[in-house]
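Hi there,

Here is the structure I promised to send over. Have a look at it first, and then read on for my notes.

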Amino acid sequence: MTDAVRTQAPASEAVDDYLKAIFQLSGHPERQVASNEIALHLSITPASVTNMLQKLAAQEPPLVIYKKHHGVKLAKAGKRRALEIIRHHRLIETFLHQVLDYPWDEVHQEAERLEHFISERFEERIAAKLGHPKFDPHGHAIPALDGSLPSQEPQAFAMLRPGQSANVSSVSDNDPEMLRYLAAQGIRPGVRLTLSEQLPFQGSYRVRVGTSSKLALLSHSLVQSIFVTIK
């Protein structure tokens, strides 16, 4: 990102994690995020979340807009920092996958460790080496230097009706075992899926992957992690 849109002082890893969590939980369009949601996302106590949010709101400039019992939203400076860290994370994931041949189920944890520490020069060199990619290996948009994101309107695969087809736009990167299973089924961003059948009572989904004649069986929880674009 350019100097004009960078935060003025380096943030701690904990602050970065909070800002990134709020950004990811707030969705699009942005909404207030409850403290309990952040606590669950970061696996910490609600009391710790409240304490940190008060500190972030008191900074100058404030990183969040927070009122107890009313949730929290990112302030302008906090959103800039969150997008900066997300850009680092997704560029690192892409570099590890494309250049160092890491499997896509291993890059998330490595990027979590490295995202706070790379220099802006290193970030720029990675982006140039990769040809300034717009998406990471899991299909998530990489913020541009100015913090903008490609326009996306994906929907949950679970929203499809039997017989409908759609292209995978992204998958959750939180569970390595899930990613390994999806890879074994041939399910990645860009692959076309056709919903054949959903078993009753929130049962599994029978899904055709590409032009394969064999149907993949995906659990209800697994399907919640797949997002698609209908074309």
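S43 counts as exposed, because its relative accessibility is 65%, and exposed means over 50%. You will find S43 in the loop between helix 2 and helix 3. Its backbone is worth a look too: S43 has a positive phi of about 60° although it is not a glycine. Please keep in mind that this is a predicted model.

H69 has a positive phi as well, near 70°, and it is a residue other than glycine. H69 sits in the loop between strand 1 and strand 2 (72-74). With a relative accessibility of 75%, H69 therefore counts as exposed. I point these out because most residues other than glycine have a negative phi, and most peptide bonds are trans. On the second point, the peptide bond from E60 to P61 is cis, with omega near 0°. P61 belongs to the loop between helix 3 and strand 1 (64-66).

Now to the helices. Two packed helices are described by the angle between their axes and the distance between the axes. How do helix 2 and helix 3 cross? Their axes come within 9 Å and cross at roughly 110°, so helix 2 and helix 3 are roughly perpendicular to each other. The crossing of this pair is right-handed. On the helix 2 side the contact is made by S35, N36, I38 and A39, and on the helix 3 side by P46, V49, T50 and L53. Sorted by character, the residues of this contact are five nonpolar and three polar, with no charged ones.

Helix 4 (residues 76-98) and helix 6 (residues 120-130) make another packed pair, with an angle of about 50° and axes 10 Å apart. Helix 4 and helix 6 are therefore oblique to each other. Here the crossing is left-handed. Helix 4 contributes E84, R87, H88, L91, T94, F95 and Q98 to the contact, while helix 6 contributes E120, E123, I126, A127, K129 and L130. The residues of the contact of helix 4 with helix 6 divide into five nonpolar, three polar and five charged.

While you are looking at helix 4, find R90, which is part of that helix. Is R90 buried or exposed? It counts as buried, because its relative accessibility is 16% and buried means under 20%. Beyond its neighbours within four places in sequence, R90 is in contact with Q24, D136, H140, A141 and I142.

Next, the charged pairs. Side chains of opposite charge can pair when their charged atoms come close. The count of salt bridges comes to eleven, and here are some of them.

K79 forms a salt bridge with E30, and the closest N and O atoms are 2.6 Å apart. This pair links distant parts of the chain: K79 is in helix 4, E30 is in the loop between helix 1 (13-26) and helix 2 (35-42), and the two are 49 residues apart. K79 counts as partly exposed because its relative accessibility is 30%. E30 is partly exposed too, at 31% relative accessibility.

E37 and R31 also meet through their side chains in a salt bridge, at 2.7 Å from N to O. With a relative accessible area of 26%, E37 is partly exposed. R31 is partly exposed as well, with a relative accessible area of 35%.

Further along the chain, the side chains of E197 and R206 form a salt bridge at 3.2 Å, N to O. E197 is partly exposed, at 35% relative accessible area, and R206 is partly exposed at 32%.

Which residues are linked in a network of salt bridges? They are D16, R81 and E84. You have met E84 already, as one of the helix 4 residues in the contact with helix 6.

If you would like a route through the model, you could begin with the loop residues S43 and H69, move on to the cis bond from E60 to P61, and then turn to the two helix pairs, helix 2 with helix 3 and helix 4 with helix 6. The salt bridge of K79 with E30 and the network of D16, R81 and E84 would make a good last stop.

Best wishes, and happy browsing!

Conventions. Residues numbered from 1 in each chain as written. Predicted model: local features only at pLDDT ≥ 70, side-chain atom pairs only at ≥ 80, totals over all residues. Heavy atoms only, no water. Axes fitted to C-alpha atoms, helices over the stretch in contact; angles between N-to-C directions. Parallel < 35°, antiparallel > 145°, perpendicular 65-115°, else oblique. Left-handed = near helix turned anticlockwise from the far one by under 90°. Contact = heavy atoms within 4.5 Å. Nonpolar A, V, L, I, M, F, W, Y, C, P; charged D, E, K, R; others polar. Buried < 20%, exposed > 50% of the residue type's maximum accessible area, 1.4 Å probe, protein only. Salt bridge = Lys/Arg side-chain N within 4 Å of Asp/Glu carboxyl O.
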